[in-house]
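I am opening a notebook page on this protein, and I want to go from one residue outwards to the surface, the interior and the whole fold. My entries follow the order in which I looked things up.

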Amino acid sequence: GRLMHFINNLHNYLMERCVYGEWDDMTQAMMEAASVDDLREVHLSYLRRLHEQCLLNPKAKVVAIQIRKILNISLQCVGAIKRWIRLGSQRVEWEGDQVRRQEHVPYSAMPIEENRGLTQSLIHLDDLQLRFKKTNEFLHILLATQIKRAHDSVQHITDVLLRLDYNHFYKNSLA
């Protein structure tokens with residue numbers, strides 16, 4: 001749930017604040033442009049603002065690295081979950097409103113290799129959860145520090161932190 005919260009809110013920030021938020025300003029400026037050179041400059045300005053707000057500029061390198069680490073963790077989670085489901089799933093058939101399962105083999109009665117694979121998948125998922133927690137905590141501290149150093153002059157960093165920790169989702173769990 002925490003990883004999904006992060007991914008959803010990062011997506012929300014990138015689309016709503018960055019892309020769509022700047023789009024209206026760019027289209028308005030394009031309507032006021034008097035020449036092709038003005039249009040080109042408006043577009044380049046839009047791209048520069050996106051570059052900065054999407055944390056792709058050199059000043060935000062450490063923040064971008066942490067976000068990429070979390071995105072990589074999410075991809076690894078997908079693979080680990082797929083493996084766990086493949087190894088531990090059982091056939092399920094529906095009969096009307098009732099679920100009819102084939103005979104379930106308890107974990108302890110599974111063949112050793114299958115049992116070992118399930119255990120390794122769960123251990124890997126637990127490790128990924130811990131890595132996410134640590135990286136996310138560091139990211140939040142890093143963003144909060146940048147906001148304090150900039151004395152709120154970098155509004156997009158404040159917006160990133162606000163979106164990623166929406167409703168103090170992580171802040172309350174860190175305390």
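**Entry 1, isoleucine 81.** I began with isoleucine 81, keeping in mind that the model is predicted. Its relative accessibility is 39%, so I noted isoleucine 81 as partly exposed, since that label is for values between the buried limit of 20% and the exposed limit of 50%. When I looked for its place in the chain, I found isoleucine 81 in helix 3.

**Entry 2, the surface patch.** Which residues form a nonpolar patch on the surface together with Ile81? I found that Trp84, Ile85 and Leu122 join Ile81 there, and that the accessible area of the patch is about 360 Å². I then asked which helix gives the most to the nonpolar patch, and the answer was helix 3, spanning residues 61-88, with three residues.

**Entry 3, the nonpolar core.** Turning to the interior, I looked up the largest nonpolar core, which has 28 residues. I wrote down the members with the most contacts inside this core, namely Phe6, Leu55, Val63, Ile67, Leu139, Leu143 and Leu164. At least two core residues come from each of helix 1 (2-32), helix 2 (36-53), helix 3, helix 4 (112-150) and helix 5 (155-164). Helix 4 supplies the largest share, seven residues.

**Entry 4, arginine 17.** Is arginine 17 buried or exposed? I noted it as buried, because its relative accessible area is 18%, and buried means under 20%. Arginine 17 lies in helix 1. I looked next at its side chain, which makes a polar contact of 3.1 Å with the side chain of glutamine 53 and another, of 2.3 Å, with the side chain of aspartate 159. Setting aside neighbours within four places in sequence, I listed the residues in contact with arginine 17 as Asn12, Glu22, Gln53, Gln155, His156, Asp159 and Arg163.

**Entry 5, the whole protein.** Last, I stepped back and counted six helices and two strands, which follow one another along the sequence in the pattern α-α-α-β-β-α-α-α. Of the 175 residues, 29% count as buried, and the accessible surface of the protein comes to about 12200 Å², with 57% of that belonging to carbon and sulfur atoms. I also checked the contacts between residues at least 6 apart in sequence, and 70% of them join residues at least 24 apart.

Notes
Residues are numbered from 1 along each chain as its sequence is written. This is a predicted model: local features need pLDDT of at least 70, side-chain atom pairs count only at pLDDT 80 or more; totals for chains, interfaces and linings use all residues. Side-chain values use heavy atoms; hydrogens and water are left out. Patches are made of residues with over 30% relative accessible area and no salt bridge: like charges are joined within 9 Å, nonpolar side chains (Val, Leu, Ile, Met, Phe, Trp, Tyr) within 5 Å. Accessible areas come from the Shrake-Rupley method with a 1.4 Å probe; for residues, only the protein chains shown count as cover. A salt bridge is a side-chain nitrogen of Lys or Arg within 4 Å of a carboxyl oxygen of Asp or Glu. Helices (H or I, at least four residues) and strands (E, at least two) are DSSP runs, numbered from the N terminus. Buried means under 20% relative accessible area, exposed over 50%, partly exposed in between (1.4 Å probe, protein chains only). A nonpolar core is a set of buried Ala, Val, Leu, Ile, Met, Phe, Trp, Tyr and Cys residues joined through side-chain atoms within 4.5 Å. Contact means heavy atoms within 4.5 Å. A polar contact is a pair of N or O atoms within 3.5 Å; within protein, one must be able to donate a hydrogen and the other to accept it, and residues adjacent in sequence count only if both atoms are side-chain atoms.
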